[in-house]
Amino acid sequence: MDATKHYKNQFDDYSISVSHNIVRNDTNTIHDAFKSLLTSEIKKCIQVLKKNERKWLNSDDYSVYTGQAGIAYTLYYYGKYYSDSMYTNMAIEILQRCATEFKSRHNITFLTGVVGPLALAAVILESQQKKKEAEQLILKLKSISTYVLDEHSNIPDELLYGRAGYLAGLLYVNANLSTAPIEADLIKKVVSSIINSGISYASSTHSQSPLMYSWHNKEYIGAAHGLAGILYLLLQARQYLTQVQIDNYIKPSLYYLQKLQFSSGNFPSSMGNSSDKLVQWCHGAPGMSALFCLAYKVFEDGTFLETAIQCGEVIWERGLLKKGYSICHGVAGNGYAFMHLFQQTKDIKYLYRACKFAEWCFHYGSHQTRLPDRPFSLFEGLAGVIYFLLDIQQPHLTKFPTYDI
């Protein structure tokens, strides 16, 4: 355990008395008094984002992860939530430009590749009745599958740069359009490609898990680069899986992952790494809590929920990170873990904890030991914090952006 990574959590944990004016125990929702605080902070943050528009708009990073597309996604959400067409129109314009300007077809994921701008722009344009333009973007999205499914293309399988990230884009489009435009057959091929790759690697390395993956010669197990993120996307694509794939590969891989949990409740970042340091979405308990909440929902095995709850305890204890506020490796991302637990258990304690992590984010910039490389972005900076503060106001609908489909 490494105390240099986080601040000591000085917040009182949930009780009826301390949660007064934060959550409503009678309706399992956020109290109006706290909602008005959230709105006030969101408005301040959006002004900072707008004031620095030239800095992030002049960047040639068009990705959802650190670039313009991710910031546009937040602007669109903000505009929709507060019925402000200036922000939704601005977001659409940016996303269309990102989808056009993104040059490399080899960047094939929702987060770091062209898939993100294509998927987001297609869904938003469809909602604006611009069906022809949306169809063109979806055709481009589907055409990338030729490269993704090519056995010789040397693509990894993980979420951030690999096939799971392409799958996320396909699932997102189908989930958000009234008529799903991506054929089931294509999704099944992508899913099978990911599973077969995991079987092949696990077999060649004699892994105890039926599925295992490597990225940059390391067997990562977290959400961004590892087994957890891949399993999370596969579980969300479960309607496209065969029963054999579920029973023989997905479920036993989940049981294998469970065994890797530290006594603290945290998880290692990669196989063979005994360091209990990182408590963040990309590596560690926060990404795992989402996975095991979903595994519990799908399989109704109480041990999965127990694993997720243990993750929640270490996140409460060590989740106020000195690194910063981001959703990838900061406090906002850790707050999402409580939202997954709240949605799965309906226990108001987790909504309260998410609100306290949101409260920590009210002081954006004052509790971080280093400035992010992309300080206004969705996954590393301010846009992600704004997204989180907006998102938790509708706790039963909260979704970790681009990860919860």
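Is glutamate 183 buried, partly exposed or exposed? Glutamate 183 is partly exposed, because its relative accessible area is 41%. That figure, like every other one in this talk, comes from a predicted model.

I start with the partner of that residue. The side chain of glutamate 183 forms a salt bridge with the side chain of lysine 142, at 3.0 Å from N to O. Lysine 142 is in helix 6, while glutamate 183 is in the loop between helix 8 and helix 9, so the pair ties together parts that are 41 residues apart in sequence. Lysine 142 has a relative accessibility of 19% and therefore counts as buried, since the cut-off for buried is under 20%. So this bridge has one partner that is buried and one that is partly exposed.

Side chains of opposite charge can pair when their charged atoms come close. The count for this model comes to 13 salt bridges. Here are two more of them.

Aspartate 157 and arginine 163 meet through their side chains, again in a salt bridge, at 3.0 Å from N to O. Both of these residues are buried.

The next pair is lysine 189 and aspartate 185, with 3.5 Å from N to O. Both lie in helix 9, four residues apart, which is about one turn of the helix. An α-helix has 3.6 residues a turn, so residues three or four places apart point the same way. As for exposure, lysine 189 is partly exposed at 45% relative accessibility, and aspartate 185 is partly exposed at 47%. Elsewhere, Asp13, Glu313, Lys349 and Arg353 are joined into one network by salt bridges that share partners.

Now to helix 5, residues 115-127. How far apart should its ends be? With 13 residues at 1.5 Å a residue, the expected span is 18 Å, and the end C-alpha atoms are 18 Å apart, so the two agree.

How many of the 13 residues of helix 5 are buried? Twelve are, which leaves the helix mostly covered. Among them are Val115, Pro117, Leu120, Ile124 and Glu126. What do the buried residues of helix 5 pack against? They pack against helix 3, helix 4, helix 6 and helix 8. Just after helix 5 comes glutamine 129, with a positive phi of about 65 degrees.

Helix 3 came up as one of the packing partners of helix 5, and one residue in helix 3 is worth a look. Threonine 74 lies in this helix, which runs over residues 68-81. Threonine 74 is buried, because its relative accessible area is 0%. Which residues does threonine 74 contact, leaving aside its neighbours within four places in sequence? The contacts are Leu378, Ala383, Ile386 and Tyr387.

The last item is empty space. How many cavities of 30 Å³ or more does a search of the whole structure find? The search finds one. The largest cavity holds about 60 Å³ of space. Its lining includes Lys323, Tyr325, His329, Arg370, Pro372 and Glu380. Sorted by type, the lining residues divide into three nonpolar, four polar and three charged.

To recap: the salt bridge between lysine 142 and glutamate 183, helix 5 with twelve of its 13 residues buried, threonine 74 at 0% relative accessible area, and a largest cavity of about 60 Å³. That is the end of my talk.

Definitions and conventions
Residues are numbered from 1 along each chain as its sequence is written. This is a predicted model: local features need pLDDT of at least 70, side-chain atom pairs count only at pLDDT 80 or more; totals for chains, interfaces and linings use all residues. Side-chain values use heavy atoms; hydrogens and water are left out. Helices (H or I, at least four residues) and strands (E, at least two) are DSSP runs, numbered from the N terminus. Buried means under 20% relative accessible area, exposed over 50%, partly exposed in between (1.4 Å probe, protein chains only). Contact means heavy atoms within 4.5 Å. The expected span of a helix is 1.5 Å times one less than its number of residues. On a 1 Å grid over the protein atoms alone, a cavity is a set of points where a 1.4 Å probe fits but cannot get out, and a pocket is an open set with protein on both sides within 12 Å along at least five of seven lines; lining residues have an atom within 4 Å of a point. Grid points are joined across faces, edges and corners, and a volume is the space filled by probe spheres set on the points. Ala, Val, Leu, Ile, Met, Phe, Trp, Tyr, Cys and Pro count as nonpolar, Asp, Glu, Lys and Arg as charged, and the others, Gly among them, as polar. A salt bridge is a side-chain nitrogen of Lys or Arg within 4 Å of a carboxyl oxygen of Asp or Glu.
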